[in-house]
Amino acid sequence: MYVVVGGGVVGLFTAYYLNREGADVVLIEAESLAHSSRAAAGVLEFTKFELNRINVRGYASRYLKMIINGKAAIRRIDPLWLLTYLKVYGRDPDPSVWTFMSEMAQFSKREYFRLAEESNDFELREEPVFEVVEDVEKEVEALKKDPLRPRFEVGELDGRQVIVYLDAVIVSTDLLAERLSRELKNVRILKGRVAHYGDGYVVLEDGSKIEAEGVVFSSGWWCRKLGIPVAPLKGYGVRATTSKRPSRAIADFVRGVFVVPFTKWVKITGRFDVDPYGDLKYLPPVLEAARHWAGDINAFDIAVGFRPCTPDGLPVLEKRGGVVIATGTCRLGWTYGPAMGKIAAELALGKRGDSPLSARRFAAR
């Protein structure tokens, strides 16, 4: 038996691939499956990593500007994470890491299209995303430096120049979460929280002990309890009917909102707060910003998401004895979800060696 702790996007895919390998799987989740992950907009960026590069020089000042302008907030920050961030600020990973990330992205893309070929019940489509930015020229230079080499062009939207990202794939994270849940019909799902663990077992808060050949922790920023420097970068995901339907997917970085149309709703997402609290304190500005593109908004579903971000924006994928840790995808959880799950499953089954994304990188130098 293999235990997967955490039912977000990475946990769902980990359980999925373990099950496909014929393993007996128990998935432990304290809330509903994908309750946090489905807050995401559903814009998959397989050839772009810029949004996750939170430790590049200049990012700290940009984030401070976001705070001053009311587009971000810091409500509580973990000292270990902050100290590690200062340590790795401006540090570039080894080029082999970008090769690995590119391979992961392409695997994820193939898997999404395979799932859609079976049944496109999560509204997968390929189309450009129109990105509204403060300074188009500066953004162009940043994209040219992106190690994953995104395809883009400069276009026009709403009377201003914008970046048109050409490699985007759109999915409904809400519908995809439902699809993955159905795919796990042979997986035993337990509602609970892990109190402690050892090599070959976990103990839940109710005292029940589950023995396993391997344990995968795909539990987002909870993995800080395992000594991983990972912080919750909180955002909101809203499904709504609107008086004006956007004709395209829009990433408005000036107003701080994503607006993505689907068949039965418009998905509105926003915020990037260092904030572990599950309230809706900063939701009103997101909805106000979305009105520019969507008109009147009737929200019928609201999800709060906690993006698990490491200090360098790169994921953690490593094995420690009988325990595998898979977390830290930050803003690209759905983009890398299939690859993270596949690699985590292979690590747990002993089918591959350690990845170049070990948390040991934070202790180096």
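The following paragraphs lead through a predicted model, from its nonpolar cores to its strands, loops and salt bridges.

The interior is a suitable starting point. In soluble globular proteins, nonpolar side chains tend to be buried together. Here the largest nonpolar core comprises 66 residues, and the members that touch the most others are Met-101, Met-104 and Tyr-336. Helix H4, spanning residues 95-118, gives the most to this core, with 10 residues. Beyond its neighbours within four places in sequence, Met-101 is in contact with Phe-49, Leu-314, Pro-315, Tyr-336 and Leu-357. A second core, separate from this one, has 49 residues, including Trp-222, Val-230, Tyr-282 and Val-323.

Strand S5 (residues 129-132) is covered on both of its faces. In a regular strand the side chains alternate between the two faces of the sheet. In S5, Val-129 and Glu-131 lie on one side and Phe-130 and Val-132 on the other, and all four are buried. The strand has partners of both senses: S5 pairs with strand S7 (residues 160-165) in the antiparallel sense over 3 bridges, and with strand S15 (residues 249-252) in the parallel sense over 4 bridges. Glu-131 takes part in both pairings, standing opposite Ile-163 in S7 and opposite Ala-251 in S15.

Another sheet is open and consists of 3 strands in the order S3-S8-S4, with antiparallel pairing. Strands S3 (43-44) and S4 (125-126) are at the edges and have a single partner strand each, so one side of each lacks a neighbour in the sheet. S4 is joined to strand S8 (residues 169-170) by 2 bridges, and Glu-126 stands opposite Val-169 in S8.

Glu-126 also leads to the salt bridges, of which the structure holds 34. Side chains of opposite charge can pair when their charged atoms come close. Glu-126 forms a salt bridge with Lys-109, with 3.9 Å between the closest N and O atoms. This pair links distant parts of the chain, since Lys-109 belongs to helix H4 and Glu-126 to strand S4, 17 residues apart. Lys-109 counts as partly exposed because its relative accessibility is 24%, whereas Glu-126, at 51%, counts as exposed.

Helix H4 contains a further pair: Arg-114 and Glu-118, 4 residues apart and thus separated by about one turn of the helix, meet in a salt bridge at 2.9 Å, N to O. Glu-118 is partly exposed, at 48% relative accessible area. In helix H6 (residues 173-183), Arg-179 and Glu-183 are likewise 4 residues apart, about one turn of the helix, and their side chains meet in a salt bridge of 2.9 Å, N to O. Glu-183 is partly exposed at 22% relative accessible area, whereas Arg-179 counts as buried because its relative accessibility is 4%. Through shared partners, salt bridges join Glu-111, Arg-114, Glu-118, Asp-121, Arg-179, Arg-182 and Glu-183 into one network.

The loops and the surface complete the account. Arg-149, in the loop between helix H5 (136-144) and strand S6 (152-157), has a positive phi of about 55 degrees although it is not a glycine. Cys-330, in the loop between strand S20 (323-327) and helix H8 (333-349), also has a positive phi of about 55 degrees without being a glycine. Arg-149 is exposed, with 73% relative accessible area, while Cys-330 is buried, at 4% relative accessibility. On the surface, Ile-74, Ile-77, Leu-82, Leu-83 and Leu-86 make a nonpolar patch of about 450 Å². Ile-74 lies in the loop between helix H2 (59-68) and helix H3 (79-88) and counts as partly exposed because its relative accessibility is 44%.

Definitions and conventions: Residues are numbered from 1 along each chain as its sequence is written. This is a predicted model: local features need pLDDT of at least 70, side-chain atom pairs count only at pLDDT 80 or more; totals for chains, interfaces and linings use all residues. Side-chain values use heavy atoms; hydrogens and water are left out. A nonpolar core is a set of buried Ala, Val, Leu, Ile, Met, Phe, Trp, Tyr and Cys residues joined through side-chain atoms within 4.5 Å. Buried means under 20% relative accessible area, exposed over 50%, partly exposed in between (1.4 Å probe, protein chains only). Contact means heavy atoms within 4.5 Å. Two strands pair if DSSP finds at least two bridges between them. Patches are made of residues with over 30% relative accessible area and no salt bridge: like charges are joined within 9 Å, nonpolar side chains (Val, Leu, Ile, Met, Phe, Trp, Tyr) within 5 Å. Accessible areas come from the Shrake-Rupley method with a 1.4 Å probe; for residues, only the protein chains shown count as cover. A salt bridge is a side-chain nitrogen of Lys or Arg within 4 Å of a carboxyl oxygen of Asp or Glu.
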